[in-house]
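Me: Please take a close look at one part of this model, the ligand site. Walk me through what surrounds the ligand, then place the site in the rest of the chain.

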Amino acid sequence: MDYLGGGTINPKKITTLRLQEFKETGRKIACLTAYDAIMGKILDEAGIDVILVGDSLGNIVQGHETTLPVTLEDMIYHTKAVVRGAKRPLVIADMPFMTYQVSADEAFRNAGRIMKETGCSAVKLEGCNSIIIKSIERMNEAGIPVMGHVGLTPQSINKFGSYRARGKNPNEAEEIYNQAIELEKAGSFAIVLEKVPKELGQKITEDLKVPTIGIGAGPYCDGQILVYSDMLGLTVDFQPRFVRRYANLYDEIKNAVHNYAEDTRNQIFPNENESY
Ligand code: KIV
């Protein structure tokens, strides 16, 4: 039994094998992104199973328009921080744009660097082509678990032209389905399905042996992932329908900071008890 009920979480470390067991027993997998140690610790204590150090840090932490400028060094820096904060969750690092597209050799070397230098447990890459398939096979042989990612793949934004949902027409749906099958065959331990119709999410989830993790892919996936700052209401300008807001931290933080600034200016902070 993994989920002990009443909000009690089994403290055993999450591994890729346990994710497979979860799929087989119908126990859904709760995933979020994180980019630093404090969020890693909070997500761990709150019972999140998988933390993805997503290249979405390019948007969230670095303020870029896309994920394309994120470097391997950026990913290594942030993943190290998350690993220091999170003990129970499986921590997965995204491979950033152009660190795995040139050749399987380069992808293999870069994945090795991420694993060796950060202490994370797996890597994720986007899309499916012959180089990616070969890379996944080589990483698997070397003991590097790989998560795939199909549907909307934000590193291809310049090809897609927009962040619209993918797989809404039969040809696109078939392509995404076949990619998921190929990624599983190559040895991926799980596949992210991003922004696809729920029926496609369901079909892929039913036909794959490995877990699917959905983001805007409907309720039938084996797990769900969101960008933590979206679900906590920190990114107020980004409101796609697949995000459910569980807090409104942008306003809460702004109010707290405003109160601190006022107290400082009005000489209310620090008081006698806060002084030595
Ligand atoms: O970079 C990211 O945060 C992701 C998730 C949205 C799946 O790839």
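Reply: What follows covers the ligand site, then the domains and two backbone details.

Keep in mind that this is a predicted model. Start with the shell. The ligand is surrounded by Thr33, Leu52, Gly54, Asp55, Ser56, Asp94, Lys124, His149, Val192, Ile215 and Val227. Sorted by class, that shell holds 4 nonpolar, 4 polar and 3 charged residues.

Next, the polar side chains. Serine 56 places a polar side-chain atom 2.5 Å from an oxygen atom of the ligand. For lysine 124, the distance from a polar side-chain atom to a ligand oxygen is 3.0 Å. For aspartate 94, the corresponding value is 3.1 Å. These pairs count as polar contacts because each lies within the 3.5 Å cut-off for N or O atoms.

Now the cover. On its own, the ligand has 260 Å² of accessible area, and the protein covers 95% of that. The space that the ligand takes is the second largest pocket.

Step back to the chain. Domain 1 spans 16–245, and domain 2 spans 250–276. Their C-alpha centres are 39 Å apart.

Two backbone details deserve a check. Most residues other than glycine have a negative phi, and most peptide bonds are trans. Methionine 98 has a positive phi, near 70°, though it is not a glycine. This methionine 98 sits in the loop that links β5 (90–94) to α5 (104–118). The other detail is a cis peptide bond between phenylalanine 269 and proline 270, with omega about -5°. Proline 270 belongs to the segment that follows α11 (249–265).

To return to the site: serine 56, aspartate 94 and lysine 124 each bring a polar side-chain atom to an oxygen atom of the ligand, at 2.5 Å, 3.1 Å and 3.0 Å.

Definitions and conventions
Residues numbered from 1 in each chain as written. Predicted model: local features only at pLDDT ≥ 70, side-chain atom pairs only at ≥ 80, totals over all residues. Heavy atoms only, no water. Near = heavy atom within 4 Å. Polar contact = N/O pair within 3.5 Å; in protein donor to acceptor, adjacent residues only side chain to side chain. Areas by Shrake-Rupley, 256 points an atom, 1.4 Å probe, with all protein chains shown as cover. 1 Å grid on protein atoms, 1.4 Å probe; cavity = no way out; pocket = protein on both sides within 12 Å on 5 of 7 lines; lining within 4 Å. Sits in = over half its atoms within 2 Å of the grid points. Nonpolar A, V, L, I, M, F, W, Y, C, P; charged D, E, K, R; others polar. Domains from an automatic or database assignment. Helix = DSSP H or I, 4+ residues; strand = E, 2+ residues; numbered from the N terminus.
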